[in-house]
Amino acid sequence: MPELPEVETTRRKIEPLLLGRTILEVQHDAPHKYRDTHLAAGRRVTGLSRRGKYLMLHLAAAEAATDSPHDLEFIVHLGMTGGFRLEGGKHTRVTLRTDAGDLYFDDPRRFGKMAVVRPGEYAGMPTLAAMGPEPLSADFREEDFAAMAAQAGAVKPWLLSQKPVSGVGNIYADESLWMAGLHPTQTRLTREEAGRLYHAVRDVMGRAVEAGGSSLGKGEGNYRQHDGLSGLFQHAHNVYGKGGEPCPRCGTPIEKSVVAQRGTHHCPQCQPLRRETV
């Protein structure tokens, strides 16, 4: 599933194609998945932003002044296999027609969603409404993160909840926990453990964004940029997808297990489970 680095890469790549353009029509045949997208017709894209794994197109009336505040947001969640393309194909679910040409949303497994809402009205999107700070922003503070971690349950599901920090999914949770030397099911982190994880999350996410995210495998549903290019961060993975391979830090075989119904990779030597009461 595309996580923060993949969604941020998508935002950066499609921004030149949409910024300042007027949306003429949003074509699809699934109104329950792509809610109120008709409201985007006739509106100009004044900006593109991202919140966690959500992409946001800011919309204003086409005749409004350039510096007018936007009054609608076009929210896109890529789901497991969604992505924008320059050409339509057999998995195209949405066609975004603009005054500069068309952009296509492909989604082989059909988990992607879209909605047009007023700014901040996220009642129908509870994950977005309750999302924690961005990992590369000043709002992500070590002290706050450590205070929450001291009371948290198993650390990997806690990270995946999006509440302590936004945008961390399965890949980057495994990579961050390996870097921090923490077992995926460790509970109630000490101040020192939380500090290690805080810096690991910032480091992993920063490098992944600069690498254009991770592209795994060769199937149609795997993440690609809009022009078909792959991300490159998969070449820097230390544990994710490497079950049975030697840990790059100590040589112990990487173990694969299931935590919170997600495939999970960790090094049993470098990431021991601490059982002492904090």
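**Burial, annotated sites and loop geometry in a predicted model**

In helix α5, the buried residues (under 20% relative accessible area, with over 50% termed exposed and the range in between partly exposed, for a 1.4 Å probe and protein chains only) are Asn-170, Ile-171, Tyr-172, Ala-173, Asp-174, Glu-175, Ser-176, Leu-177, Trp-178 and Ala-180. The structure is a predicted model, in which local features require pLDDT of at least 70 and side-chain atom pairs count only at pLDDT 80 or more, whereas totals for chains, interfaces and linings use all residues. Residues are numbered from 1 along each chain as its sequence is written, and side-chain values use heavy atoms, with hydrogens and water left out.

Helix α5 spans residues 170-180 and is mostly covered, 10 of its 11 residues being buried. The elements that cover these buried residues include α1 (4-18), α4 (155-160), α6 (191-210) and β11 (262-266). Just after α5, Gly-181 adopts a positive phi of about 70°.

The protein chain as a whole contains six helices and 11 strands; helices (H or I, at least four residues) and strands (E, at least two) are DSSP runs numbered from the N terminus. Its radius of gyration is 20 Å, which agrees with the value near 19 Å for a compact globule of 278 residues. This radius is taken over C-alpha atoms, and the globule rule is 2.2 Å times the number of residues to the power 0.38. Along the principal axes, the C-alpha atoms fill a box of roughly 60 × 40 × 30 Å. Of the 278 residues, 51% are buried. Among contacts (heavy atoms within 4.5 Å) with a separation of 6 or more, 63% join residues 24 or more positions apart. The accessible surface, obtained by the Shrake-Rupley method with a 1.4 Å probe and, for residues, with only the protein chains shown as cover, comes to about 12,700 Å², and 50% of it belongs to carbon and sulfur atoms. The mean positions of the 35 positive and 33 negative charges lie 4 Å apart. In this count Lys and Arg are positive and Asp and Glu negative, while His and the chain ends are not counted; each charge is placed at NZ of Lys, CZ of Arg, CG of Asp or CD of Glu.

Two kinds of annotation were taken from an unreviewed UniProt entry; positions follow the numbering used here, feature names are shortened, and annotations may be inferred rather than shown by experiment. The record places the feature "domain: Formamidopyrimidine-DNA glycosylase catalytic" at residues 2-112. Over residues 2-112 the chain is 14% helix and 42% strand, with the end C-alpha atoms 10 Å apart. The feature "binding site" is placed by UniProt at His-91 and Arg-109. These positions span 19 residues in sequence, yet no two of their C-alpha atoms are more than 8.6 Å apart, so they gather at one spot. His-91 occupies the loop between β6 (83-85) and β7 (92-98) and, at 19% relative accessibility, is buried. Arg-109 belongs to the loop between β8 (101-106) and β9 (113-117) and is partly exposed, with a relative accessible area of 48%. When neighbours within four places in sequence are left aside, Arg-109 is in contact with Met-80 and Thr-81.

Two lysines were also examined in their loops. Lys-33 is located between β1 (22-27) and β2 (34-35) and counts as buried at 17% relative accessibility. With neighbours within four places in sequence set aside, Lys-33 is in contact with Arg-110, Phe-111, Gly-112, Lys-113 and Met-114. The C-alpha atoms of Lys-33 and Lys-113 are separated by 5.3 Å, although these residues are 80 residues apart along the chain. Lys-53, in the loop between β3 (43-51) and β4 (54-61), is likewise buried, with a relative accessibility of 14%. From C-alpha to C-alpha, Lys-53 and Lys-33 are 17 Å apart in space, against 20 residues in sequence.

Positive phi angles were also found at residues that are not glycine. Arg-188, with a phi of about 45°, is situated in the loop between α5 and α6; its relative accessible area of 36% makes it partly exposed. Ala-260, with a phi of about 55°, lies in the loop between β10 (255-259) and β11 and is partly exposed at 45% relative accessibility.
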